[in-house]
Amino acid sequence: MMQSRRIDPLLRRAQEHEDEVARDLAERQRNLDTHVSRLEELRRYAEEYAGSQMAATSPAQLSNRRAFLDRLDSAVEQQMRTVDQNRARVEAERARLLLASREKQVLEQLAASYRAQERQVVERRDQREMDDLGARRARQAQLAAEPGEDA
């Protein structure tokens, strides 16, 4: 079996792996986008709520308002941590995709090199056969011409 044929299953597996990692990256990116969107919504809501001029009629209402603003701030901070974690996951997945892509590229280059070598072998063999055929024809022509000279 030719070397280039033996590497084909490895190439297919490398392509499948790269595709799988690309799908994982896309999923992580979607998750990140979702968390970023939630963070923006939380920030907008917190700004709107903090900026609203609600008339507080009692100290209890002021205390409740302050407690709610604190919970909103806490939710924003938690969501920021979640976004940061998801960004790190996206970057890790990007690095995996880059590595998978490089591995596939190396295998593709190796396969191309094997195919080029195999083509050279075939071309040399074909050239040898053509040379042999030409030499045989020349010998046959020479032998055919010799009996005609004797007559």
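## Aromatic pairs

Scanning the whole structure turns up three aromatic pairs. One of them is Tyr45 with Phe68, an edge-to-face arrangement with 6.3 Å from centre to centre and 90° between the planes. Tyr45 belongs to helix α1 and Phe68 to helix α2, so this pair ties together parts of the chain that are 23 residues apart in sequence. Keep in mind throughout that this is a predicted model.

Neither ring of that pair counts as buried. Tyr45 has 39% relative accessibility, so it counts as partly exposed. Phe68 comes in at 24%, and because buried means under 20%, Phe68 is partly exposed as well. Ring pairs also bring in Tyr49, making a cluster of Tyr45, Tyr49 and Phe68. Tyr49 has a charged visitor too: the charged end of Arg65 sits over its ring, 5.0 Å from the centre.

## Salt bridges between the helices

What about charge pairing? Side chains of opposite charge can pair when their charged atoms come close. In this model, a search of the whole structure gives 13 salt bridges. Glu18 and Lys104 make one of them, with 2.8 Å from N to O. Since Glu18 sits in helix α1 and Lys104 in helix α2, the bridge ties together parts that are 86 residues apart in sequence.

Are the two partners buried or exposed? Glu18 has 12% relative accessibility, so it counts as buried. Lys104 is at 13%, so it counts as buried too.

## Salt bridges along helix α2

Lys104 has another partner: its side chain also meets that of Glu108 in a salt bridge, at 3.8 Å from N to O. Glu108 and Lys104 are both in helix α2, four residues apart, which is about one turn of the helix. Glu108 has 37% relative accessibility, so it counts as partly exposed. Elsewhere, salt bridges with shared partners join Asp24, Arg28, Glu93 and Arg96 into one network.

Arg66 and Asp70 make a salt bridge as well, and their closest N and O atoms are 2.9 Å apart. Because these two are four residues apart in helix α2, about one helical turn separates Arg66 from Asp70. Arg66 is partly exposed at 43% relative accessibility, and Asp70 is partly exposed at 41%.

## Arg115 and the start of the chain

Now for Arg115, a residue of helix α2, which covers residues 59–150. Which residues does Arg115 touch once its neighbours within four places in sequence are set aside? The answer is Ser4 and Asp8. With Asp8 there is a polar contact between the side chains, at 2.7 Å.

Gln3 gives another view of the same region: Arg115 and Gln3 are 112 residues apart in sequence, yet their C-alpha atoms are 8.0 Å apart in space. Arg115 has 30% relative accessibility, so it counts as partly exposed.

## His17

His17 is in helix α1, which runs over residues 3–51. Leaving out neighbours within four places in sequence, His17 is in contact with Arg96 and Ala100. Arg96 is also one of the members of the salt-bridge network with Asp24, Arg28 and Glu93.

How far is His17 from Arg136, C-alpha to C-alpha? The separation is 54 Å, for two residues that are 119 apart along the chain. As for accessibility, His17 is at 25%, so it counts as partly exposed.

## Gln79

Gln79 lies in helix α2. Its relative accessibility is 11%, and since the cut-off for buried is under 20%, Gln79 counts as buried.

What does Gln79 touch, apart from its neighbours within four places in sequence? Its contacts are His35, Arg38, Leu39 and Leu42. His35 shows up in a polar interaction as well: the side chain of Gln79 reaches the backbone oxygen of His35 at 3.0 Å.

Conventions. Residues are numbered from 1 along each chain as its sequence is written. This is a predicted model: local features need pLDDT of at least 70, side-chain atom pairs count only at pLDDT 80 or more; totals for chains, interfaces and linings use all residues. Side-chain values use heavy atoms; hydrogens and water are left out. Buried means under 20% relative accessible area, exposed over 50%, partly exposed in between (1.4 Å probe, protein chains only). Contact means heavy atoms within 4.5 Å. A polar contact is a pair of N or O atoms within 3.5 Å; within protein, one must be able to donate a hydrogen and the other to accept it, and residues adjacent in sequence count only if both atoms are side-chain atoms. Rings of Phe, Tyr and Trp (its six-membered ring) pair if their centres lie within 6.5 Å; planes under 30 degrees apart count as stacked, over 60 as edge-to-face and the rest as tilted. A charge sits over a ring if NZ of Lys or CZ of Arg is within 6 Å of the ring centre and within 35 degrees of the ring normal. A salt bridge is a side-chain nitrogen of Lys or Arg within 4 Å of a carboxyl oxygen of Asp or Glu.
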